[in-house]
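This report describes how a protein and its ligand are arranged, beginning with the domains and then turning to the ligand and its surroundings.

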Amino acid sequence: MNRGIIQSVRGMNDILPATCQTWINVEQTIREVVSLYGYDEIRTPVLEKTDLFRRSIGEQTDIVEKEMYTFVDRNHDSLTLRPEGTASCIRAGIAHGLLHNSTQRWWYSGPMFRHERPQKGRYRQFHQFGIEAIGWSGPDIDSEIISLGNRLWKMLGLTDLRLEINTLGSRESRRKYIDELTRFLATHISELDEASVIRFNQNPLRILDSKDRNTKALLVNAPVIRDYLTHEDKTHFDSLCRHLDSLRIDYHINNRLVRGLDYYTGAVFEWITPGQGSQNAVCGGGRYDNLVQQLGGSPTPAAGFACGLERLISLLEGQEDRRQPDLAIDVWMVLLGESAALAGHPLAEELREAGIQVTCNCGGGSIGKQLRRADQSGARYAVIVGDQELESNRAIIKELRADDEQSGIPLENVVDFLTKQLNNKTTSL
Ligand code: HAM
């Protein structure tokens with residue numbers, strides 16, 4: 001019975017081999033950049049207790065209200081596929097006693113899950129690279145994490161990202177500001193879009209993030225948080241700006257920048273690609289000084305960011321002068337007949353033992369067909385073994401990227417010969 005093709009879950013993508021190399025290159029660059037700054041990797045489970053996200057991201061955020069993959073497991077526990085990585089890092093840090101009176105610089109990377117409406121740049125399973133610097137309260141660490149991001153874009157060759165920063169202030173500043181904002185919005189309530197009216201009662205700050213054209217126009221005259229900051233909050237933000245200036249990192253202060261997660265306090269930022277529509281944030285983060293205590297630890301300041309890898313990779317793919325990933329292997333084994341296959345596969349193992357990348361032709365085929373496959377694979381050399389070669393105990397080595405250079409080499413010398421050839425090529429490049 002034909003039951004049809006099974007599709008992947010909507011909004012969850014396969015990353016196919018042709019694209020994987022770009023992912024590997026980006027992941028490699030991430031590893032290089034975090035090690036330049038002395039950040040250590042942490043890996044946490046993809047499943048967490050639902051309460052973790054309710055208590056950290058906030059009950060009245062879109063993520064918790066309508067985007068989490070939550071289910072009850074066989075023990076009747078409510079579990080959730082992580083929608084982000086910060087809450088898990090803090091949970092793990094508290095559980096393992098790593099945050100008390102100490103500092104941590106951590107990074108992570110992996111799949112996250114949000115039941116959003118899929119579109120380009122917005123998926124239900126997506127990948128984040130994130131860093132969390134825990135235990136420091138000063139603007140120096142805020143600027144350090146921003147400069148780590150900045151260096152990553154540089155190393156990847158991304159040129160078009162714009163850094164926007166704002167501050168949400170401490171609880172005290174925010175309370176004063178929200179009162180003032182609510183007063184302003186109350187006088188315009190009939191002009192607000194439907195979603196903003198709901199937010200007005202639950203989380204008025206999020207109205208600043210509205211994409212509705214009328215609401216945006218109205219917000220031009222809304223009060224801005226910078227006028228309500230305590231002296232301490234203002235000093236912190238001004239100092240962050242001075243740090244960024246000293247690092248020669250361009251930034252734009254965006255008074256309307258708020259974040260979709262409730263744990264932020266103080267400085268927040270986003271790296272955006274101008275002209276990429278609504279999914280233009282490649283990276284977002286900021287300070288979250290209350291979260292450790294909120295999750296049961298002792299009061300500990302922290303700051304971090306996360307970057308969406310799908311969005312990053314799509315930008316890289318869109319750049320004309322990006323470096324082409326090197327998918328090619330070193331050697332393709334052309335094996336003509338069963339005896340050749342029986343001798344050729346062990347020879348391929350010897351080559352691999354020496355660190356040479358080899359693909360064996362499987363499934364037979366004429367010499368012409370096998371050489372065509374070798375050519376398409378991008379391999380530098382074809383090693384040809386057939387009955388004739390076996391009789392004379394030799395293999396033919398053909399340099400595929402040069403004009404028909406071909407040599408017969410005794411089988412026992414093939415590994416040495418190719419090792420030398422490949423080393424010469426690498427050093428002369
Ligand atoms: P976030 O702004 O929710 O922050 O996500 C960070 C980045 O993840 C976004 O800028 C975007 O690039 C990517 N992203 C988010 N949702 C999706 C989606 N549905 N599809 C594709 N990409 C997406 C956080 O998650 C915070 N934990 C960041 C942080 C770390 N703050 C402090 N430390």
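## Domain layout

In this predicted model, the domain assignment of the protein gives two entries: domain 1, made up of 17–170 + 230–317, and domain 2, which covers 331–428. The C-alpha centres of domain 1 and domain 2 are separated by 48 Å.

## The shell around the ligand

The ligand is surrounded by 26 residues, of which E84, E116, E132, R259 and Y264 are the closest. By residue class, the shell around the ligand comprises 12 nonpolar residues, together with seven polar and seven charged ones.

Several strands contribute to this shell, since at least two of its residues come from each of β6 (125–134), β10 (281–287) and β11 (302–308). The largest contribution is that of β10, which gives five residues to the shell around the ligand.

## Polar contacts and cover

Three side chains place an N or O atom within polar-contact distance of the ligand, for which the cut-off is 3.5 Å. In the case of Y264, a side-chain N or O atom lies 2.6 Å from a nitrogen atom of the ligand. For R259, the partner on the ligand is an oxygen atom, at 2.8 Å from an N or O atom of the side chain, and for Q128 an oxygen atom of the ligand is likewise involved, at 3.0 Å from a side-chain N or O atom.

Taken on its own, the ligand has 660 Å² of accessible area, and the protein covers 96% of that area.

How values were computed. Residues numbered from 1 in each chain as written. Predicted model: local features only at pLDDT ≥ 70, side-chain atom pairs only at ≥ 80, totals over all residues. Heavy atoms only, no water. Near = heavy atom within 4 Å. Polar contact = N/O pair within 3.5 Å; in protein donor to acceptor, adjacent residues only side chain to side chain. Areas by Shrake-Rupley, 256 points an atom, 1.4 Å probe, with all protein chains shown as cover. Helix = DSSP H or I, 4+ residues; strand = E, 2+ residues; numbered from the N terminus. Nonpolar A, V, L, I, M, F, W, Y, C, P; charged D, E, K, R; others polar. Domains from an automatic or database assignment.
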